[in-house]
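Please load the model in the viewer and keep a selection panel at hand. The tour proceeds by selection, with a short account at each stop.

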Amino acid sequence: MTAYGRAHVTTESSSFLIEIHSVNRKSLDIAVNLPKELLMFDMDFRKELSKEVKRGFITVRVTREEVHSTNGRLTLPDLEEMKAIQKQCQIYAKELGYHPKEAISFTDLLNYGISSSGSPALEVDEKLQGQLLEGFKKALSKFIAMREREGATLLEDIGPRLDEIEAQLNKIAERVKAAPEMFREKLEKRLEELDLLKGEDDERMMRELILLAEKVDVTEEMTRLRSHVQQFRDLMSSKKRRVGRELDFLIQEMNREVNTTAAKSQDIEITMAILEMKTEQEKIREQIQNIE
């Protein structure tokens, strides 16, 4: 399931951007990208994530942002250092045949000084640890909220597909009721064409029809399939946070029953209904791969 969450953490000396995002995967795989000074947080972040997430490829990234201000004031580079840089640029300009005043503009000089000054060394104390963990939990909360919204959207898509499966089941049920009589008519017609139908053969024909009816009977498969559909609905409406694996199992069982019904089918309308069900089941199967 795809999702994204982020949080900013601002301390006295630095600012950090914490990001969590995921893509679909049946199992759980976590990648944590941290500045070298914060590698100690790797296991803490993984532990917190594992409590909330059981599926997906999750990436955690913490970026230390450049901070060049203190108490709202811009922190400028050392003045003497800037003068030395300016003088060196003027010397280069003169040697290369340019006017010294064209060597470097004030804006370029200032930007160079700010970028080269870099961020101060990071000291990880208990206060910073607490701030980063709190920021991570905020990002994780936003991440989970997005996953829940996407999960709700996926379930809304699955509901009508289950309705369609049940509608096709009802069609099959109607055809199954009429199956024995249809088989009898087809058999009688075929025997008449071959001039093999005789009065004394009625009993034998009835035995053959009974055997054929037993071979193509799909009542048990339909009953189990209806049960699986209802269990699917119950899981979707339950308060359980993680139902993905159970839904995986149910869709496999539904597919098994549909395949068995297809193997027994001797009627084109039943076969067409089965194809419709298999189409909807495949779409459901793809969707539940994204559900926690």
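Between which two helices does the loop with leucine 96 lie? Select leucine 96 in this predicted model: the residue sits in the loop between helix H2 (79-95) and helix H3 (106-117). Leucine 96 is exposed, with a relative accessible area of 61%. Extend the selection to Ile91, Tyr92 and Tyr98, which together with Leu96 make a nonpolar surface patch of about 480 Å².

**The whole chain**

Now display the entire chain as a cartoon. Its secondary structure comprises eight helices and six strands, and the order from the N terminus is β-β-β-α-β-β-β-α-α-α-α-α-α-α. Of its 292 residues, 34% count as buried. The chain exposes about 18300 Å², of which carbon and sulfur atoms supply 52%. Among contacts with a separation of 6 or more, 77% are accounted for by residues 24 or more positions apart.

**Helix H1**

Select residues 42-52, which form helix H1, and show the side chains of Asp42, Phe45 and Leu49; these three are buried. Looking down the axis of H1, one finds the buried residues within an arc of 75°, so they line one face of the helix. Then turn to the face directed away from the buried side, where the exposed residues Met43 and Lys47 are carried.

**The nonpolar cores**

Next, select Leu162, Ile172 and Phe232. Within the largest nonpolar core, which has 29 residues, these three touch the most other members. The elements contributing two or more residues to this core are helix H4 (126-193), helix H6 (219-237), helix H7 (244-264) and helix H8 (268-288). H4 provides the largest share, eight residues. Apart from this core lies another, of 24 residues, including Ile18, Phe41, Val53 and Val60.

Centre the view on phenylalanine 232. Neighbours within four places in sequence left aside, phenylalanine 232 is in contact with Ile158, Leu162, Leu247, Leu250, Ile251, Met254, Ile284 and Ile288.

**Salt bridges between H4 and H6**

The structure holds 15 salt bridges. Select arginine 233 and aspartate 163, which form one of them, with the closest N and O atoms 2.5 Å apart. Aspartate 163 belongs to helix H4 and arginine 233 to helix H6, so the pair ties together parts 70 residues apart in sequence. Aspartate 163 counts as partly exposed, at 41% relative accessibility.

Add glutamate 166 to the selection. Arginine 233 also forms a salt bridge with glutamate 166, the closest N and O atoms being 3.0 Å apart. Here too H6 holds arginine 233 and H4 holds glutamate 166, so this pair ties together parts 67 residues apart in sequence. Glutamate 166 is partly exposed, with a relative accessible area of 24%.

**A network involving H6**

Move to arginine 224 and glutamate 220, a salt bridge whose closest N and O atoms are 3.8 Å apart. Because the two are four residues apart in helix H6, about one helical turn separates arginine 224 from glutamate 220. Arginine 224 is partly exposed, with a relative accessible area of 34%, whereas glutamate 220 counts as exposed, at 54% relative accessibility. Add Glu221 and Glu257: salt bridges that share partners join them with Glu220 and Arg224 into one network.

**Final stop: H8**

Select leucine 275, found in helix H8. Leucine 275 is partly exposed, with a relative accessible area of 45%. A distance label drawn from its C-alpha atom to that of asparagine 259, 16 residues apart along the chain, should read 9.8 Å.

How values were computed:
Residues are numbered from 1 along each chain as its sequence is written. This is a predicted model: local features need pLDDT of at least 70, side-chain atom pairs count only at pLDDT 80 or more; totals for chains, interfaces and linings use all residues. Side-chain values use heavy atoms; hydrogens and water are left out. Buried means under 20% relative accessible area, exposed over 50%, partly exposed in between (1.4 Å probe, protein chains only). The arc is that of the directions from the helix axis to the C-beta atoms. Patches are made of residues with over 30% relative accessible area and no salt bridge: like charges are joined within 9 Å, nonpolar side chains (Val, Leu, Ile, Met, Phe, Trp, Tyr) within 5 Å. Accessible areas come from the Shrake-Rupley method with a 1.4 Å probe; for residues, only the protein chains shown count as cover. A salt bridge is a side-chain nitrogen of Lys or Arg within 4 Å of a carboxyl oxygen of Asp or Glu. A nonpolar core is a set of buried Ala, Val, Leu, Ile, Met, Phe, Trp, Tyr and Cys residues joined through side-chain atoms within 4.5 Å. Contact means heavy atoms within 4.5 Å.
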